[in-house]
Protein chains: 2
Amino acid sequence: MHVTLQDVARQAGVSTKTVSRVVNNQGEISAATRQRVQQAIEQLGYRPNFLARSLVSQRSSTLGVVASGLGYFGPSSTLTGIEQRTFELGYSLLFSLLPHSDETNVFPILDSFVARRVDGIIWAVSEIGNNRTWIQPEALQGLPPVVFLTMEPKPGLSVVTVDNRTGAMRAAQHLVDLGKRRIAVITGPLAWWESRERLAGFKEVMQKANLEVLPAQVVEGDWTATSGRRCMLELLEQYPQVEAVVAGNDQMALGALGIAHQSGLKVPDDVAFVGFDNVPDSPCFWPPLTTVEQHLFEVGAVSVQMLHNLIATRQDDMVELASEVRLLQTDLIIRESTIGMPADKVVRPVEQDSFKIQPPK
Amino acid sequence: MHVTLQDVARQAGVSTKTVSRVVNNQGEISAATRQRVQQAIEQLGYRPNFLARSLVSQRSSTLGVVASGLGYFGPSSTLTGIEQRTFELGYSLLFSLLPHSDETNVFPILDSFVARRVDGIIWAVSEIGNNRTWIQPEALQGLPPVVFLTMEPKPGLSVVTVDNRTGAMRAAQHLVDLGKRRIAVITGPLAWWESRERLAGFKEVMQKANLEVLPAQVVEGDWTATSGRRCMLELLEQYPQVEAVVAGNDQMALGALGIAHQSGLKVPDDVAFVGFDNVPDSPCFWPPLTTVEQHLFEVGAVSVQMLHNLIATRQDDMVELASEVRLLQTDLIIRESTIGMPADKVVRPVEQDSFKIQPPK
DNA sequence: TTGTAGGCGTTATCAA
DNA sequence: TTGATAACGCCTACAA
């Protein structure tokens, strides 16, 4: 069916090895034969078979990625970053999605990756409930190098994640600095590690500012704008003195904003709002939303780079120093929902954990 | 490095072929040997190598997908649908992203798919400018079956797309039915086929209603909310009598809504708005947005099913009847931005081009 | 500079 | 019911 090296070799009147050398640009070859071989390749429309190459070379130049929740801006950005860097480094990408559920059995997915002999795996699913209990030495044993995204760093694992706690602290501190005292929070689902981190950051700032956090000030949403509406209604009911709201993401902030409008509250004078994510629409919310930007595209790119290094290391010497952690910082984007006048100022702090994407080798 | 069939065979004291039969559940095998083989598999931790299997069986059980613009809800939904159906049908998915640019050379991506011997390809990139000129018989020659998404159906190609024209007609007709006469349109970039289709649908309704469409009534955005703001400002400048706006997507509608608020216009009494996409946030816009829902998850799922059938067909007999077209209908979701009162009614028409996802064989 | 032999891990063919 | 042998398409080692 397909044209093979043999066919080309026969056509060009040389050996298969010579054709192989031409295809892979290796070894010294006389200009004449190279010419002849290339002509034969063109003529026959030869396309190399990576499966056969992978079989003998024991590497597939393919990475596997497991993602989730592409309907949201964050995961999509991360995936885009992953794909781009993967391509730049010369890999292909096997792609799998996981439902947002504890129940899902991850092993079929891992098996399909192993069966296709991926050189490495990126686990781009948020830490939710106990959906990480599968991460055990025995399970990792049979796998190529893995980089985990968005989880509490654990010894022995390579992790790339956003500093959610500090991000939330920036949001809360901003409100405190503006003189707000009665600050409420709409969290994401607390089964999510990210949500708990953000809540912890919020509480830390409140404590330092000697501000109480009553149970009535904390409500739990599910990331959707609709849940933001519900949460804001609850807040107005159980904590009517609220002066500001920190939302776990921009969607919930949007929903909460809607309720504020319906209730005739002035934003930000009566109630100020801060979101999290800086989705592309957030500058066009009504009013434009102050929010915390995560650099998720970079999270994706960095994780691929880390995986690439891991793969190279494992091949060179068998020493396994897989435990590396990258914590990416956030930016506070200040807009009208907190300061009430046209502004789009970026407050970028000194980077504590700065990073660079390393150039391909 | 890895445990192979041979290792298992040796351990169990049988031939490799016998092990192969056990692994693939084929042929008759005595319970005793099966037992022994399975034990050896467990013991050694054997994982089959799909690369080797693909090499000999001439099929990789892998599909390739080329997508674009995951930052938007639509493409992400489509990709999610593709992934899910792909997994259900027992394939793996090789994933590639294309920048939104005419210039991009698609052949390296196609080559990487062919090199890995994907069984089929889904081209999930919108038709923009002349980014489809590569689709020529010669280029298609060397490829496995391909299904194209979101493009003008062409003879000889398999296409799955949303009926954008009819969708836009629903939106426009809804406004006409509400008694609006001076209706403007904010289009997506007109280099996109989808944008032109939606504009054509809009114009068709206007014509039937004996309503003029002046050049001043049509402005071109770039899908972003920010461009929606700019376009709405232009409209208010050059067509101040505007009573309603049809936007090319929900993001631009959001931006336009913001300008309406800033200008003190009442929605929908002064100006009504309709979007396109039904993004999850749209019920929480201010006011909630009437919009046209595309079933993009289904577009993805249907395209995979079509591809699967194509692959099966090509293998059975060599007859190539690749030209199939599926046109999926839209739903109009009516909300406050047009009717000004709490409502969330779905108008679902009789399906002209109904479809079912066929069960896996 | 070029060629030969052997093997990567699996499945198909044909015997036993 | 099982097994030996030959592919699948490519690359590495070693010669020539």
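This is a short walk through a protein pair, chains A and B, and the DNA strands C and D beside it. Keep in mind that the model is predicted.

Let's start with the protein pair. How many residues does each chain bring to the contact? Chain A brings 47 residues, and chain B brings 47 residues. The area buried between the two chains is about 4700 Å². Carbon and sulfur atoms give 61% of that area. On the chain B side, Leu51(B), Arg116(B) and Arg117(B) lose the most area to chain A. Together they account for 15% of what that side buries.

Now the polar part of that interface. There are 2 salt bridges between chain B and chain A. One of them links Asp111(A) to Arg47(B). The closest N and O atoms there are 2.7 Å apart. Polar contacts across the interface come to 25 residue pairs, counting pairs with both residues at pLDDT 80 or more.

Which elements of chain B give two or more residues to the side that touches chain A? Five are helices: helix 4 (50-57), helix 5 (73-88), helix 6 (107-115), helix 10 (225-238) and helix 11 (250-262). Strand 2 (92-97) also belongs on that list. By class, this side of chain B has 21 nonpolar, 19 polar and 7 charged residues.

Next, symmetry. Two copies of a chain are related by a rotation about an axis and a shift along it. What are the values here? The rotation that superposes chain B on chain A is 180°, with 0.1 Å of shift along the axis. The RMSD is 0.1 Å. That is the relation of a two-fold axis. In chain B, the C-alpha nearest the axis is that of Leu94(B), at 2.2 Å. The same surface serves both copies. Of the contact residues of chain B, 100% recur in chain A.

On to the DNA. Take strand D first. It has 24 residues around it. Which come nearest? From chain A, they are Leu5(A), Lys17(A) and Tyr46(A). From chain B, they are Thr18(B) and Thr33(B). Look at which part of the DNA faces the protein. Of the strand D atoms within 4 Å of the protein, 71% belong to sugar or phosphate, and the rest belong to bases.

Three residues of chain B show phosphate contacts with strand D. Ser15(B) uses a polar backbone atom, 2.9 Å from a phosphate oxygen. Thr18(B) has a side-chain N or O atom 2.5 Å from a phosphate oxygen. For Thr33(B), a polar side-chain atom lies 2.7 Å from a phosphate oxygen. Helix 2 (16-24) and helix 4 (50-57) of chain A each supply at least two residues of the surface near strand D. So do helix 2 (16-24) and helix 4 of chain B. That surface has 9 nonpolar, 10 polar and 5 charged residues.

Now strand C, with 25 residues around it. Those that come nearest are Thr18(A), Thr33(A), Leu5(B), Ser20(B) and Tyr46(B). Here, 66% of the DNA atoms within 4 Å of the protein are sugar or phosphate, and the rest belong to bases.

For a base contact, go to Arg21(A). A side-chain N or O atom of Arg21(A) is 3.0 Å from a base nitrogen of strand C. Phosphate contacts come from chain B. A polar side-chain atom of Asn24(B) lies 3.0 Å from a phosphate oxygen of strand C. Asn49(B) has a backbone N or O atom 2.9 Å from a phosphate oxygen of that strand. The elements giving two or more residues to this surface are helix 2 and helix 4 of chain A, and helix 2 and helix 4 of chain B. By class, the surface near strand C divides into 9 nonpolar, 10 polar and 6 charged residues.

Last, some local details. Over all chains there are 17 salt bridges. One joins Arg10(A) and Asp7(A), at 3.0 Å from N to O. Why are these two about one helical turn apart? Because they sit 3 residues apart in helix 1 (residues 5-12) of chain A.

Two cis peptide bonds to check. In chain A, one joins Trp286(A) and Pro287(A), with omega about 0°. Pro287(A) lies in the loop between strand 9 (272-277) and strand 10 (290-293). In chain B, one joins Val267(B) and Pro268(B), with omega about 5°. Pro268(B) is in the loop between helix 11 and strand 9 (272-277).

Finally, Thr150(B). Its phi is positive, about 55°, although it is not a glycine. Thr150(B) lies in the loop between strand 4 (146-149) and strand 5 (158-162) of chain B.

Note on methods: Residues are numbered from 1 along each chain as its sequence is written. Chains are lettered from A and ligands numbered from 1 in the order in which they are written. This is a predicted model: local features need pLDDT of at least 70, side-chain atom pairs count only at pLDDT 80 or more; totals for chains, interfaces and linings use all residues. Side-chain values use heavy atoms; hydrogens and water are left out. Contact means heavy atoms within 4.5 Å. Buried area is the accessible area (1.4 Å probe) that two parts lose on being put together, summed over both. A salt bridge is a side-chain nitrogen of Lys or Arg within 4 Å of a carboxyl oxygen of Asp or Glu. A polar contact is a pair of N or O atoms within 3.5 Å; within protein, one must be able to donate a hydrogen and the other to accept it, and residues adjacent in sequence count only if both atoms are side-chain atoms. Helices (H or I, at least four residues) and strands (E, at least two) are DSSP runs, numbered from the N terminus. Ala, Val, Leu, Ile, Met, Phe, Trp, Tyr, Cys and Pro count as nonpolar, Asp, Glu, Lys and Arg as charged, and the others, Gly among them, as polar. Copies are superposed by least squares on the C-alpha atoms of residues with pLDDT of at least 70 in both. A residue is near a molecule or strand if one of its heavy atoms lies within 4 Å of it.
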